[in-house]
Amino acid sequence: MIRHGTKGIEEMTKEELIDLVDSLNKELDGAKKDLDLYRAWKDREESARILAEKKLLAAKAFFEVV
């Protein structure tokens, strides 16, 4: 059961419940933004790793030829 202060949901007024839902929605929006940011960082890191691997392979191939 979700608690808001010391009251249980059953004891809350309509206005308090609306405030609680609004607060939870704001927290959820924040979590979604954080997740989107994390995914973007992860995608950039993966792209950079793949590029670095390709550069290493190209350097190895170059030195094998030389």
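How much area does the protein chain expose, and what share of it do carbon and sulfur atoms supply? The exposed area comes to about 6100 Å², and carbon and sulfur atoms supply 61% of that area. The model is a predicted one.

**Overall form**

The protein chain contains one helix and two strands. Their order along the sequence is β-β-α. The radius of gyration is 25 Å, whereas the globule rule gives 11 Å for 66 residues; the protein chain is therefore more spread out than a compact globule. Taken along the principal axes, the box filled by the C-alpha atoms is roughly 80 × 15 × 10 Å. Of the 66 residues, 5% count as buried, where buried means under 20% relative accessible area.

The protein chain carries 13 positive and 15 negative charges, and the mean positions of these two sets are 7 Å apart.

**Before the helix and at its start**

Strand E2 covers residues 7–8, and the loop between this strand and H1 holds Ile9. The relative accessible area of Ile9 is 31%, so Ile9 is partly exposed. From Ile9 to Leu20 the separation is eleven residues in sequence and 9.5 Å in space, taken C-alpha to C-alpha.

**Salt bridges**

Helix H1 spans residues 14–65. The count of salt bridges in the model is three. The table gives each pair with the distance between its nitrogen and oxygen atoms.

| Pair | N to O distance |
|---|---|
| Asp22 and Lys26 | 3.4 Å |
| Lys42 and Asp43 | 4.0 Å |
| Arg49 and Glu53 | 3.0 Å |

Asp22 and Lys26 are both part of helix H1 and sit four residues apart, about one turn of the helix. Asp22 has a relative accessible area of 37% and is partly exposed. Its partner Lys26 is exposed, at 56%. The reason for the two labels is the cut-off: exposed means over 50%, and partly exposed lies between that value and 20%.

Arg49 and Glu53 show the four-residue spacing too, about one turn of the helix, and both lie in helix H1. Arg49 is partly exposed, with a relative accessible area of 36%. Glu53 is partly exposed as well, at 39%.

For the pair formed by Asp43 and Lys42, the closest N and O atoms are 4.0 Å apart, and the salt-bridge rule asks for a nitrogen within 4 Å of a carboxyl oxygen. Asp43 is partly exposed at 44% relative accessible area. Lys42 is partly exposed at 40%.

**Ile50 and a distance along the chain**

Is Ile50 partly exposed or buried? Ile50 belongs to helix H1, and with a relative accessible area of 33% this residue is partly exposed. Between Ile50 and Asp36 there are 21 Å in space, C-alpha to C-alpha, for a separation of 14 residues in sequence.

**The nonpolar patch**

Which residues make the nonpolar surface patch of about 380 Å²? The patch is made by Phe62, Phe63 and Val66. Phe63 is located in helix H1. The relative accessibility of Phe63 is 59%, so Phe63 counts as exposed.

**Summary**

In this predicted model, the protein chain has one helix and two strands and is more spread out than a compact globule. The share of residues that count as buried is 5%. Three salt bridges are counted, including Asp22 with Lys26 and Arg49 with Glu53. A nonpolar surface patch is formed by Phe62, Phe63 and Val66.

Methods. Residues numbered from 1 in each chain as written. Predicted model: local features only at pLDDT ≥ 70, side-chain atom pairs only at ≥ 80, totals over all residues. Heavy atoms only, no water. Rg over C-alpha atoms; globule rule 2.2 N^0.38 Å. Buried < 20%, exposed > 50% of the residue type's maximum accessible area, 1.4 Å probe, protein only. Areas by Shrake-Rupley, 256 points an atom, 1.4 Å probe, with all protein chains shown as cover. Lys, Arg positive; Asp, Glu negative; His and termini not counted. Charge placed at Lys NZ, Arg CZ, Asp CG, Glu CD. Patch = residues over 30% accessible without salt bridge, like charges linked within 9 Å, V, L, I, M, F, W, Y side chains within 5 Å. Salt bridge = Lys/Arg side-chain N within 4 Å of Asp/Glu carboxyl O.
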